[in-house]
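Subject: Structure for your review

Dear colleague,

Please find below the structure that I am handing over to you. I would be grateful if you could read the notes that follow with the model open in front of you.

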Amino acid sequence: MFDATDIQMMQNALALAWQGRFSTSPNPRVGCVIARGSQVVGQGFHIQAGGPHAEVHALRQAGALARSATAYVTLEPCSHYGRTPPCAKGLIEAGVTRVVAAMTDPNPLVAGKGLTMLEAAGIEVQSGLLENEARMLNRGFLSRIERGRPFVRLKCAASLDGKTALSDGRSQWITGAEARADVQILRAESCAVITGIGTVLADNPQLNVRAFPTLRQPARIILDSRLQTPLHSHLVQDDSAPTLIATLETDEGRLNAYRRYPHISILRPSENHGRIDLNDLLRQLAERGYGEVLVEAGARLAGAFLEAALADEIVLYQAPKILGNQARGLFALPENPAALNETSAWQTVAVSVLGNDTKWLMQPARDIRSENDINA
């Protein structure tokens with residue numbers, strides 16, 4: 001069905017799509033290659049929401065050479081008018097004779113309509129080439145569309161004995177500069193960074209990308225059930241990105257003190273035994289277009305995501321230091337581990353060394369075994 005040239009061209013398209021990993025949300029990451037046989041005549045990727053799609057960039061570069069060529073696209077071309085015209089229409093008008101898509105688009109606005117439009121115009125259409133790789137590329141987008149919640153990545157930093165801070169709360173810096181630089185990449189890839197009020201009060205974090213320029217900063221989301229976020233904190237005063245405060249507070253006077261900042265929004269998730277319902281919070285974030293979120297929080301909130309089986313990935317940076325029994329642990333979890341059932345089983349996906357630290361990438365074992373996992 002697909003030959004070596006097809007595979008190579010789709011690999012090129014996937015590599016192009018990856019270049020947009022810091023800037024396309026809430027849109028998916030998409031790459032496109034226009035080729036005549038083994039000769040690439042045009043290529044491009046989606047850079048930013050509201051801007052031209054990958055197919056548009058590739059067709060502009062190909063010009064008249066697009067006629068009778070094959071278009072390789074990492075996601076089914078769109079068929080509807082949104083911020084930009086439908087890409088399927090552009091491919092038809094350019095005269096391509098074959099379109100190969102890595103996967104169909106689960107977005108109800110597309111969902112096969114783009115491929116159907118191309119076929120109706122007499123274009124040969126194939127899909128499924130390197131689909132697993134394409135799904136991995138857009139796991140946040142797919143999670144938002146298919147599961148109604150973002151893909152949740154839990155970032156942790158700990159000592160060799162699994163501690164995150166000294167008994168008095170001091171934690172800077174457990175890991176070295178290389179690990180901290182890697183966290184900057186995680187933030188840039190994410191639509192939003194979630195933290196808890198405990199972290200805000202203890203560290204006054206910025207939760208932004210500072211190591212390199214980026215077209216957009218991730219949104220900052222504070223879980224603050226009693227509305228304790230200081231008005232002088234970085235996340236309130238810094239308007240370079242949206243700040244969303246999820247709270248159970250109902251006093252409008254207190255809420256209005258934050259609403260006067262244009263970049264701040266108030267989220268009102270459901271209550272779950274006196275705490276913010278994480279499932280409802282994630283549902284609301286998906287509705288706002290957030291597909292991939294990074295949780296940078298203390299032991300209590302990190303443990304709550306694990307206990308609710310809402311963590312899709314753990315990134316653990318482990319430093320070769322020993323902090324002792326009195327230091328603070330990674331996760332606050334029920335004393336009876338059986339209460340976690342299968343959510344306590346994780347599998348290592350990758351291990352790397354960053355300076356003097358070790359980076360562990362882990363996913364739930366149940367997802368590793370599942371052929372239907374969005375990361376497959």
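How many cavities of 30 Å³ or more does the structure hold? The model, which is a predicted one, holds one cavity of that kind. Its volume comes to about 130 Å³. The lining is made up of 19 residues, and those closest to the centre of the cavity are Ser25, Asn27, Arg29, Phe141 and Cys191. By residue class, the lining consists of seven charged, seven polar and five nonpolar residues. Helix α6, which covers residues 139-146, supplies the largest share of this lining, with four residues.

The second finding concerns a pair of helices. Helix α3 spans residues 87-94 and helix α4 spans residues 113-120. Their axes come within 9 Å and cross at roughly 20°. Angles under 35 degrees count as roughly parallel, and α3 and α4 are therefore roughly parallel to each other. The crossing in which α3 passes α4 is right-handed.

As for the residues involved, α3 contributes Ala88, Lys89, Leu91 and Ile92 to the contact, where they meet Gly114, Met117 and Leu118 of α4. Five of the residues in this contact are nonpolar, one is polar and one is charged.

In short, the two points to inspect are the cavity of about 130 Å³ and the right-handed crossing of α3 with α4.

With kind regards

Notes. Residues numbered from 1 in each chain as written. Predicted model: local features only at pLDDT ≥ 70, side-chain atom pairs only at ≥ 80, totals over all residues. Heavy atoms only, no water. Axes fitted to C-alpha atoms, helices over the stretch in contact; angles between N-to-C directions. Parallel < 35°, antiparallel > 145°, perpendicular 65-115°, else oblique. Left-handed = near helix turned anticlockwise from the far one by under 90°. Contact = heavy atoms within 4.5 Å. Nonpolar A, V, L, I, M, F, W, Y, C, P; charged D, E, K, R; others polar. 1 Å grid on protein atoms, 1.4 Å probe; cavity = no way out; pocket = protein on both sides within 12 Å on 5 of 7 lines; lining within 4 Å. Points joined across faces, edges and corners; volume = space filled by probe spheres on them.
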